[in-house]
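Thanks for making the time this morning. I would like to walk through one structure with you, going element by element, and I will put it on the screen now.

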Amino acid sequence: MAKEVDTVIDGHKIFLHPKKEAIWDILGDCYPIHIEAGITNRCNHKCIFCALDFLENRGTDIDRDVMISALEDMAKPKIKYSLSAQINDRTGIYEDNVKSIMFGGEGEPTLHPYLGLFTQKAKEFGLDVALTTNGVRFNKEQQEMCLPHLSWVKFSVDAGTSKTYSKVHGTGERNFNTLLDNISSSIRLKREQHLDVTIGTQYLMLPQNMGEEDLKSIIGIFKEIHPDYLAIKPYSDHPKSPKDLIVQAEDYKRLEKILKETNPQDYFKVLFREGTIQRIQKGNTYPACYGLPFITLVDSKGNMLPCNLFYDNEEFTYGNLYKNNFSEIWTSQKRKEVINKLRMKGMEECRKGCRCDAGNNYLSRIKNPLAHDNFT
């Protein structure tokens, strides 16, 4: 029987890792739950919504052996915390390690020649593995190499017609049908081989794709091919690449109306990220990024970073995998200095509704409790 899948992506799952949370609460740090790895900064699209279009010198792939060594080091329990020294009613040593990795990040991960090997090795070492992709290069060969090792894959669709897709993704119209074919064949392979992988799709809401034709078209297409879910996500400005792509409140309401009329939930799950919309509109309400110890980025050059605000910024880079292994960097003095700088820097320049946002709200409540929090 297939394991039940939790596809909640409009919140956080830090509370499902109580030992890490306890270590963080006491020591102010822990080993990360999750890694986002940008194994290449090359891309076959020029999306109008790309948050990293400010990056220069594209054309880098992370070295095969460096990445495999890092994956093995992430997965091995190496960091030891003496809980008995910190908590009177607990005894023993807790060994910590990374739990999951997602290949995505800077560029299009399917362009890396060793993506299939990376997914295989990551799973072999004991990590949960995921992939985000525009899907155009995710052909049958890549599907057969990757899907058996993935917990989930998410395809960026962002349109319901080839014309809109070409405009939004900065690519040829024919690639829309290629993407849909690759999603269909991935679903078919999953069924044929009884794979546990969750096959998701994402629709980033933009002024260019909120027309009724596109919205009804993509819902109709997915009623036929049956992905596991469609995540509908709001656009959020990256501070280094601001664009005029924010969708207005009336468009959200119009989309909700179309969803009710077309009733896609009978065919696939729809994850309308209303919580993220509200958090973007509200802005960051916490004094610091408490979530930094729980997630980190690896870029195509082997740099370890706090988040995607700091690509190509040596001052806020933890270290480099070509020089040191993952666990050495994570426990290094340099990383401690970067974390302290970020705490001093505050949240003023941060992205609204970022990956850490929901977790930050939760962790901030722990660090800054409100009245009556002690009543269960």
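Before I point at anything, a word on naming: helices and strands here are DSSP runs, with at least four residues for a helix and at least two for a strand, and they are numbered from the N terminus. Please also keep in mind that what you see is a predicted model.

With that naming in hand, let me begin at Lys-76, which sits in the loop between helix 2, residues 64-75, and strand 2, residues 79-82. Is Lys-76 buried, exposed or something in between? Its relative accessibility is 41%, and because buried means under 20% and exposed means over 50%, Lys-76 counts as partly exposed. If we set aside the neighbours within four places in sequence, Lys-76 is in contact with Asp-96 and Asn-97. There is also a residue farther along the chain to mention here, since Gly-126 is 50 residues away in sequence, while the C-alpha atoms of Lys-76 and Gly-126 are separated by 8.5 Å. Gly-126 itself comes just after helix 4, and it takes a positive phi of about 110°.

Let me step back into helix 2, where we find Met-67. At 0% relative accessibility, Met-67 counts as buried. Apart from its neighbours within four places in sequence, Met-67 is in contact with Ile-39, Ile-62, Met-74, Ile-101 and Phe-118. The C-alpha atom of Met-67 also lies 9.2 Å from that of Tyr-322, although 255 residues separate the two in sequence.

Phe-118 brings us to helix 4, which runs over residues 115-125 and in which Leu-115, Gly-116, Phe-118, Thr-119 and Ala-122 are buried. Where do these residues lie around the axis of helix 4? They cover an arc of only 165°, and therefore they are on the same side of the helix. What these buried residues pack against is helix 2, strand 4 (100-103), strand 5 (128-133) and helix 5 (140-146).

Now to the way helices sit against one another. Two packed helices are described by the angle between their axes and the distance between the axes. For helix 2 and helix 4, the angle is about 20° and the axes are 9 Å apart. Because an angle under 35 degrees counts as roughly parallel, helix 2 and helix 4 are roughly parallel to each other, and helix 2 passes helix 4 in a right-handed crossing. On the helix 2 side the contact is made by Arg-64, Met-67, Ile-68, Leu-71, Glu-72 and Ala-75, and on the helix 4 side by Leu-117, Phe-118, Lys-121, Ala-122 and Phe-125. By class, the residues of this contact are eight nonpolar, no polar and three charged.

The next pair is helix 7, residues 174-193, and helix 8, residues 212-225, whose axes come within 11 Å and cross at roughly 30°. Helix 7 and helix 8 are therefore roughly parallel to each other, and their crossing is right-handed. Here Phe-176, Leu-180, Ile-183, Ser-184, Ile-187 and Arg-191 of helix 7 meet Ile-218, Ile-221, Phe-222 and Ile-225 of helix 8. These residues divide into eight nonpolar, one polar and one charged.

Helix 8 also packs with helix 9, residues 249-262, at an angle of about 35°, with the two axes 11 Å apart, and this crossing is right-handed. From helix 8 the contact involves Glu-212, Leu-215, Lys-216, Ile-219 and Lys-223, and from helix 9 it involves Arg-254, Leu-255, Ile-258, Leu-259, Glu-261 and Thr-262. What classes of residue make up the contact of helix 8 with helix 9? There are five nonpolar, one polar and five charged residues.

I will finish with the backbone. Most residues other than glycine have a negative phi. Asp-158, which is not a glycine, has a positive phi of about 65°, and it is placed in the loop between strand 6 (152-156) and helix 6 (162-169). At 1% relative accessibility, Asp-158 counts as buried. His-194, also not a glycine, has a positive phi of about 55°, and it is found in the loop between helix 7 and strand 7 (198-205). With a relative accessibility of 69%, His-194 counts as exposed.

Technical notes: Residues numbered from 1 in each chain as written. Predicted model: local features only at pLDDT ≥ 70, side-chain atom pairs only at ≥ 80, totals over all residues. Heavy atoms only, no water. Buried < 20%, exposed > 50% of the residue type's maximum accessible area, 1.4 Å probe, protein only. Contact = heavy atoms within 4.5 Å. Axes fitted to C-alpha atoms, helices over the stretch in contact; angles between N-to-C directions. Parallel < 35°, antiparallel > 145°, perpendicular 65-115°, else oblique. Left-handed = near helix turned anticlockwise from the far one by under 90°. Nonpolar A, V, L, I, M, F, W, Y, C, P; charged D, E, K, R; others polar. Arc of directions from axis to C-beta.
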